[in-house]
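Here is a walk through the model, one selection at a time. Keep your viewer open and follow along at your own pace.

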Amino acid sequence: MLKVGVLGAGHLGKIHLRLLKESKKYKLIGFHDADSANGKKVSEEFGYPYFEKMNDLIAAVDVVDIVTPTLSHYECAKRSVEKGKHIFIEKPITHTLEEARSLLALEKEYGIKGQVGHVERFNPAFTAVKHAIDQPMFIESHRLAEFNPRGTDVPVVLDLMIHDIDAILSVVNSEVKQINASGVSVISQSPDIANARLEFENGCVANLTASRISLKNMRKSRFFQKDAYISVDFLEKKVEVVKMKDAPKEAGEFDMILQNAEGLKKQIYFENPSIEINNAIMDELESFADAINNDTVPVVSLKQGTQALEVALKIIASFNPNKI
C-alpha cells in the first residue's frame with residue numbers, strides 16, 4: 001500500500017480523503033489544509049490526522065494528492081516533486097501554462113509520476129465506448145450546470161469545459177490547428193458561458209459549449225465518424241451507438257436501410273455496450289496507484305493535463321483577440 005497524504009480539505013478534498021481511507025491500494029497518512037481552523041474541524045469530525053505544516057506531510061508519504069485551489073497547485077506540486085514524491089493533482093493542472101511546463105520538467109528531472117484529475121476519463125459511459133471512437137470528424141459537446149458560487153473564481157472554460165477538452169484530445173489523434181471562441185460574463189467577473197470551435201490538423205471539428213448558469217444540468221458529447229454516431233451522456237451515464245454497414249442483398253422485414261443519392265444502400269444497426277457503474281474518483285486514484293506500482297504511464301499524464309490547459313487558455317485568449 002502506498003502512503004498518501006492530501007493537500008486541501010475543501011468539498012472535493014473531503015471526498016478524496018474518504019475514498020483514500022477506504023482504498024486497499026493506499027494508506028492514508030493524513031492531510032494538510034492552509035486554513036488551520038478548517039483542518040482541525042475536519043480532523044475532529046472524521047478522524048483523519050491533521051498536519052499543521054505542509055512539508056511535514058509531504059515528508060511522511062509516497063504520494064501527495066493535491067486538491068487545493070488552482071492558484072496553489074504549482075507550489076504544492078513543486079514542493080512535493082522536489083522531495084521525490086509522486087503527485088496526483090486536480091484539474092486544471094496549474095494556473096498558467098508556464099507553471100505546467102515547469103512541472104513537466106520537474107517530473108522528468110526527479111523521475112516521479114504524476115496524474116491529473118480529469119475524472120470524466122473514468123466515467124463509465126465514456127470508458128464503455130472510447131474504444132469505438134475511431135477518427136471522429138465532427139464532435140459536439142454540451143456541459144451545462146446550474147449556478148454554484150464554488151468555482152466562479154475562474155472562467156467556465158477552466159471550471160467545466162476543460163473536462164470535455166481533455167476527453168476530446170484523448171480521442172482525436174491530431175494537433176489543434178485553429179480556435180474560434182466567445183465567452184460572456186453574466187453573474188461572475190469571469191465568463192459564465194462559453195462556446196468554442198476547435199479545428200484539428202486532420203480535419204476534425206469540435207464544437208464545445210459550457211455554461212454554469214443554466215436551468216438544468218447537462219453533460220453530453222456526440223461523436224460523428226465514418227459509418228458511426230456515438231453519443232455519451234456523462235451525467236446520466238448512458239450511451240447511444242448507431243452504426244452503418246453495407247446493406248444485405250436481401251433485407252429483412254425489420255432491417256433499417258438507407259439509400260443515398262448515388263444509390264448506395266447502408267443498413268443501420270444499434271450497439272448497446274454494457275456500462276459498469278463505478279466511483280470514477282476512486283478509479284482515477286487507484287489507477288494512479290497501479291501506474292506507480294507497475295511503472296506504467298498514468299491514464300491522464302501531466303503532459304496530457306498540460307495539453308488540455310493549453311487549449312483551454314487559447315480558448316480564453318480568443319474571447320478578446322486584442323489581448324493575445
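Helices and strands here are DSSP runs, numbered from the N terminus: H or I over at least four residues for a helix, E over at least two for a strand. With that numbering, select P92, which sits in the loop between strand 4 and helix 5. Please bear in mind that you are viewing a predicted model. Zoom in on the peptide bond between K91 and P92: this bond is cis, with omega at about -10°.

**Next stop: H86, in strand 4**

Stay with strand 4 and pick H86, which is part of it. Is H86 buried or exposed? Its relative accessibility is 17%, so H86 counts as buried. Show its side chain and look for the backbone nitrogen of K113: a polar atom of the H86 side chain lies 3.0 Å from it. Beyond residues up to four places away in sequence, H86 touches D62, V63, V64, I112, K113, F288 and I292. Keep F288 and I292 in mind, since both are among the buried residues of helix 8.

**Along helix 5**

Now select residues 97-110, which make up helix 5. How far apart are its end C-alpha atoms? They are 20 Å apart, which agrees with the 20 Å that 14 residues should span at 1.5 Å a residue. Colour the buried residues of this helix: L97, E99, A100, L103, L106 and E107. Among the elements that cover them are helix 4, strand 4, strand 5 and helix 9.

For contrast, click on R101 in the same stretch, residues 97-110. Because its relative accessibility is 45%, R101 counts as partly exposed. If you draw a distance from the C-alpha atom of R101 to that of K14, you should read 29 Å; the two residues are 87 apart along the chain. Finish at G111, which follows helix 5 and has a positive phi near 65°.

**Across to V81**

To see one of the partners of helix 5, select V81 in helix 4 (residues 73-81). V81 has just 1% relative accessibility and therefore counts as buried. Which residues is V81 in contact with, leaving aside its neighbours within four places in sequence? They are I87, L103, L106, E107, Y110 and I112. Of these, L103, L106 and E107 are on the list of buried residues of helix 5. A further distance to try is from V81 to K108: their C-alpha atoms are separated by 10.0 Å, with their positions 27 residues apart along the chain.

**On to helix 8**

Select residues 280-294 for helix 8, whose end C-alpha atoms are 20 Å apart; at 1.5 Å a residue its 15 residues should span 21 Å, so the two values agree. Is this helix enclosed or open? Of its 15 residues, 11 are buried, so helix 8 is largely enclosed by the rest of the structure. The buried set is A280, I281, M282, E284, L285, E286, S287, F288, A289, A291 and I292. To see what they pack against, show strand 1 (2-7), helix 1 (11-22), strand 2 (26-32), strand 3 (63-66), strand 4 (86-90) and strand 5 (114-117).

Look at both ends too. At the start, a side-chain oxygen of N279 comes to within 3.2 Å of the backbone nitrogen of I281. At the other end, helix 8 is followed by D295, in the loop between helix 8 and helix 9. D295 is not a glycine, yet its phi is positive, about 55°. With 60% relative accessibility, D295 counts as exposed.

A second residue of this kind is D227, a non-glycine with a positive phi near 65°. Find D227 in the loop between strand 10 (218-225) and strand 11 (228-233). At 22% relative accessibility, D227 counts as partly exposed.

**Last stop: a pocket**

End the tour at the second largest pocket, which has a volume of about 470 Å³. To centre your view, select L169, S174, E175, V176 and Q307, the nearest to its centre among the 18 lining residues. Helix 7 (156-171), strand 7 (176-184) and helix 9 (302-317) each supply at least two residues of the lining. Which of the elements gives the most? That is helix 9, with 5 residues. Colour the lining by class and you will find 5 nonpolar, 7 polar and 6 charged residues.

Conventions: Residues numbered from 1 in each chain as written. Predicted model: local features only at pLDDT ≥ 70, side-chain atom pairs only at ≥ 80, totals over all residues. Heavy atoms only, no water. Expected span 1.5 Å × (residues − 1). Buried < 20%, exposed > 50% of the residue type's maximum accessible area, 1.4 Å probe, protein only. Contact = heavy atoms within 4.5 Å. Polar contact = N/O pair within 3.5 Å; in protein donor to acceptor, adjacent residues only side chain to side chain. 1 Å grid on protein atoms, 1.4 Å probe; cavity = no way out; pocket = protein on both sides within 12 Å on 5 of 7 lines; lining within 4 Å. Points joined across faces, edges and corners; volume = space filled by probe spheres on them. Nonpolar A, V, L, I, M, F, W, Y, C, P; charged D, E, K, R; others polar.
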